[in-house]
Amino acid sequence: MSIATTLTQAPVKVHEDKCIAEKGCTVCVDVCPLDVLAIDLVKKKAFMQFDECWYCLPCETDCPTGAVEVSIPYLLR
Amino acid sequence: MKRIDMEFDLVVIGGGTGGPMAAVKAKEKNPKLKVLLIDKAHVKRSGAISMGMDGLNNAVIPGHATPEQYVKEITIANDGIVDQAAVMAYAANSFDMIQELDRWGVKFEKDETGDYAVRKVHHLGSYVLPMPEGHHMKKILYRQLKRARVEITNRVVVTRLLTGANGEVSGVMGFDCRTADFYVIRCKAAVITTGAAGRIGLPASGYLMGTYENPTNSGDGHAMAYHAGAALANLECFQINPLIKDYNGPACAYVTGPFGGYTANARGERFIECDYWSGQMMLEFHRELQSGNGPVFLKLDHLAEETISEIEHILHSNERPSRGRFHDKRGNDYRKQMIEMHISEIGFCSGHSASGIWTNARGETSVPGLYAAGDCASVPHNYMLGAFVYGRICGHNAAEYCGAVADRAIDEGAVAAEQARVSAPLQRSEGPTPFQIEYKTRRLVNDYLQPPKITRKYEIGLRRFDEVREDAQAMLATNPHELMRAMEAMSIIDCAEMAARSSMFRAESRWGLYHYCVDHPERDDANWFCHTLLSKGADGSMTMAKKAVEPYIVPIDDEERDAYQRLRVERKAEAA
Ligand SMILES: Cc1cc2nc3c(=O)[nH]c(=O)nc-3n(C[C@H](O)[C@H](O)[C@H](O)COP(=O)(O)OP(=O)(O)OC[C@H]3O[C@@H](n4cnc5c(N)ncnc54)[C@H](O)[C@@H]3O)c2cc1C
Ligand code: SF4
Ligand code: SF4
């Protein structure tokens with residue numbers, strides 16, 4: 001395979017102490033129009049899986065515990 | 001790839017703004033119909049109004065404007081190239097739609113007497129109605145979808161339509177962006193409401209998803225309509241917007257204009273009479289940037305504190321609420337300095353300009369059983385309210401059509417071909433990634449298609465798109481999410497080629513910066529006072545045709561005709 005992976009700092013941070021994905025919450029994953037958030041099945045916490053964010057904020061606004069923090073993506077900050 | 005078969009009377013593709021309205025209205029018209037609303041995102045938070053809206057940009061409200069005035073304004077703003085009957089169908093239904101939205105719980109700004117507080121932003125008339133509490137839009141639409149018992153399928157990316165022996169719609173195909181399950185949905189009619197093609201050009205920041213439009217809107221609807229045989233109109237009339245530099249979102253002059261904000265050059269001087277987004281306005285913006293008087297700014301720092309905090313409340317809580325966050329990081333404060341603006345990359349969006357899948361005043365495309373509404377259709381300057389009004393028109397007419405036609409049969413050969421096309425990237429272990437294909441296409445669009453348009457550059461661009469199209473045949477996707485990006489990249493290549501071919505066909509300049517051709521710098525009404533239509537030719541390649549402008553129903557006199565040509569602020573000759 002000639003496929004490389006390039007690291008990138010994602011604009012969305014999930015505060016794991018507040019995230020209640022282990023109780024079955026998937027709200028942020030459900031609402032994201034770009035489908036870039038996911039639940040880490042080992043940690044049972046939400047995280048940003050793909051760096052393709054429109055900085056639109058439904059994830060942050062709709063999270064029941066205030067666990068999601070969206071920054072403006074670095075390239076346009 | 002598991003195959004999932006479904007059957008509906010009507011499928012509405014895209015559950016953003018116009019889509020939910022079309023689905024609800026079809027059910028209201030005929031509650032027995034099976035109606036599916038399908039979206040690649042989640043209907044609760046999808047589309048341009050994901051976080052709400054700052055206001056109505058084109059409200060036609062008795063006492064403030066008449067439908068005839070509005071049709072006149074839009075005709076003039078579009079250099080005459082409009083189907084006035086289609087604009088009139090919007091204008092005549094605008095107020096009724098506002099009242100219905102009001103009943104549904106949408107909050108519009110009203111004055112002390114309870115009348116709608118309409119503001120003037122356009123060149124001639126008053127049509128802007130603020131929605132300071134506009135962040136509940138999606139919740140209100142979702143409630144209506146549930147009430148009308150519309151079925152909803154989320155996270156399915158529609159890729160192609162199926163058609164029957166006479167070219168009529170017979171089904172819809174797509175795949176789940178999480179499981180890659182392949183969907184085949186038999187239906188009698190479909191409404192496309194997939195929004196703008198917002199990912200054709202590359203934002204100056206280089207960030208692929210840093211677009212003005214919701215990046216879910218990658219031109220899939222334009223591509224699927226084209227492949228189903230539909231005509232697309234006036235695609236050379238690009239969407240190019242004046243946006244906050246790098247943030248690439250609206251500032252927005254519609255909100256701040258009525259409060260006294262305006263677009264200024266580096267010296268803080270006004271250089272355009274009117275901040276309404278038109279091709280002429282963008283051309284003056286472009287000239288100011290080129291002239292050495294730039295950058296161009298949004299000027300608010302002369303306003304009173306209470307005005308600025310009201311503007312901040314609207315701009316930082318609705319529509320694009322991350323604007324405040326962006327300004328904080330930059331140290332921007334509306335009170336202290338002007339906000340740097342820039343010209344966006346190109347796109348297709350009839351919401352703001354005039355190009356898209358050709359539709360008439362009934363929302364019908366040129367394919368039987370296929371309707372289109374909102375930013376992807378061709379009714380000019382339609383904005384959010386136009387998406388709602390045409391959603392309703394399409395919903396009603398599609399419901400009627402479904403009642404009058406027989407069940408359709410599925411062309412299994414076409415299904416097999418599409419399933420093979422869609423699943424191919426997942427079966428490879430090598431090849432360019434969707435990111436690479438998309439990035440390169442959009443970078444080439446900026447290099448070769450961004451106006452001013454130059455024929456020689458367009459020729460090179462077309463050749464390069466062919467190369468990328470070829471490379472894309474070997475594209476790799478390692479999971480269903482990447483497969484979504486891969487299929488979007490294919491739509492983007494189609495749209496880039498459509499943008500180039502339409503632009504090269506219209507051998508004149510029109511619509512200000514949107515179609516400013518260096519090789520044909522003048523407007524040529526003798527040869528080009530017409531629409532252009534792009535469609536798939538018999539040989540499978542893109543073909544162009546002229547279409548006469550429909551006879552006007554609202555006459556335009558010569559004095560008014562050129563009102564939008566006179567946007568530049570007249571300045572007295574400066575003393576030497
Ligand atoms: C930042 C911004 C600010 C704006 N401000 C204003 C304003 O203040 N006032 C105003 O009147 N107008 C405004 N507009 C314009 C207005 O929002 C749009 O004209 C209108 O919302 C378009 O509606 P639509 O239904 O065509 O598209 P959208 O609402 O964008 O819906 C398109 C839907 O299609 C879905 N989709 C796309 N491709 C596929 C596919 N292949 N398969 C399945 N689903 C798909 C998307 O997920 C999305 O849900 C603004 C637009 C933007 C982007
Ligand atoms: S919405 Fe909040 S609590 Fe729920 S999964 Fe996402 S981050 Fe966790
Ligand atoms: S800001 Fe928008 S695009 Fe980004 S993760 Fe949140 S919901 Fe998704």
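Which residue in the turn of the hairpin formed by β7(B) and β8(B) has a positive phi? In this predicted model, the residue is B:G167, whose phi is about 80°, and the hairpin places five residues between β7(B) and β8(B).

**Strands β7 to β9 of chain B**

Strand β7 (residues 156-163) of chain B runs antiparallel to β8(B), and seven bridges join the two; within this pairing, B:L161 has B:V172 of β8(B) as its bridge partner. On the other hand, β8(B) also pairs in the antiparallel sense with strand β9 (residues 182-186) of chain B, here over five bridges, and B:G171 is matched with B:R186 in β9(B). The hairpin of β8(B) and β9(B) likewise has five residues between its strands, and B:A180 takes a positive phi near 65° there. Strand β8 (residues 169-176) of chain B is largely enclosed by the rest of the structure, because eight of its eight residues are buried.

**Strand pairings with a named residue pair**

The table sets out pairings of chain B, including those just described.

| Strands | Sense and bridges | Residue pair |
|---|---|---|
| β2(B) and β3(B) | parallel, four bridges | B:V12 and B:L37 |
| β7(B) and β8(B) | antiparallel, seven bridges | B:L161 and B:V172 |
| β8(B) and β9(B) | antiparallel, five bridges | B:G171 and B:R186 |
| β12(B) and β15(B) | antiparallel, three bridges | B:I244 and B:M341 |

In a regular strand the side chains alternate between the two faces of the sheet. Strand β2 (residues 10-13) of chain B is covered on both faces, with B:L10 and B:V12 buried on one side and B:V11 and B:I13 buried on the other.

**The four-stranded sheet and helix α7 of chain B**

An open sheet of four strands in chain B has the order β12-β15-β14-β13, with antiparallel pairing. Its edge strands, each of which pairs on one side only, are β12 (242-244) and β13 (262-264) of chain B, and the average twist from one strand to the next is 40°. Helix α7 (residues 279-290) of chain B lies across β12, β13, β14 (296-299) and β15 of chain B, and the angle between this helix and β15(B) is about 110°.

B:M282 belongs to helix α7 of chain B and counts as buried, because its relative accessibility is 0%. Beyond its neighbours within four places in sequence, B:M282 is in contact with B:I240, B:N241, B:P242, B:I343, B:L513 and B:Y514. By contrast, B:H302 is 20 residues from B:M282 in sequence, while the C-alpha atoms of the two are 24 Å apart in space.

**Cysteines and ligand surroundings**

A disulfide is a covalent bond between the sulfur atoms of two cysteines. With a cut-off of 2.5 Å between sulfur atoms, the count over all chains is zero disulfides. B:C187 is in no disulfide, and the nearest cysteine sulfur, that of B:C402, is 7.8 Å away. B:C187 counts as buried because its relative accessibility is 1%, and A:C19 is also buried, with a relative accessible area of 8%.

A:C19 appears again at ligand 2, which is surrounded by 14 residues, the closest being A:C19, A:I20, A:C25, A:C28 and A:C63. The shell around ligand 2 comprises 13 nonpolar residues, one polar residue and no charged residue. Around ligand 3 there are 14 residues, of which the closest are A:C32, A:C53, A:C56, A:L57 and A:C59; this shell holds 14 nonpolar residues, with no polar and no charged ones.

Definitions and conventions:
Residues numbered from 1 in each chain as written. Chains lettered and ligands numbered in written order. Predicted model: local features only at pLDDT ≥ 70, side-chain atom pairs only at ≥ 80, totals over all residues. Heavy atoms only, no water. Pairing = 2+ DSSP bridges. Axes fitted to C-alpha atoms, helices over the stretch in contact; angles between N-to-C directions. Contact = heavy atoms within 4.5 Å. Buried < 20%, exposed > 50% of the residue type's maximum accessible area, 1.4 Å probe, protein only. Near = heavy atom within 4 Å. Nonpolar A, V, L, I, M, F, W, Y, C, P; charged D, E, K, R; others polar.
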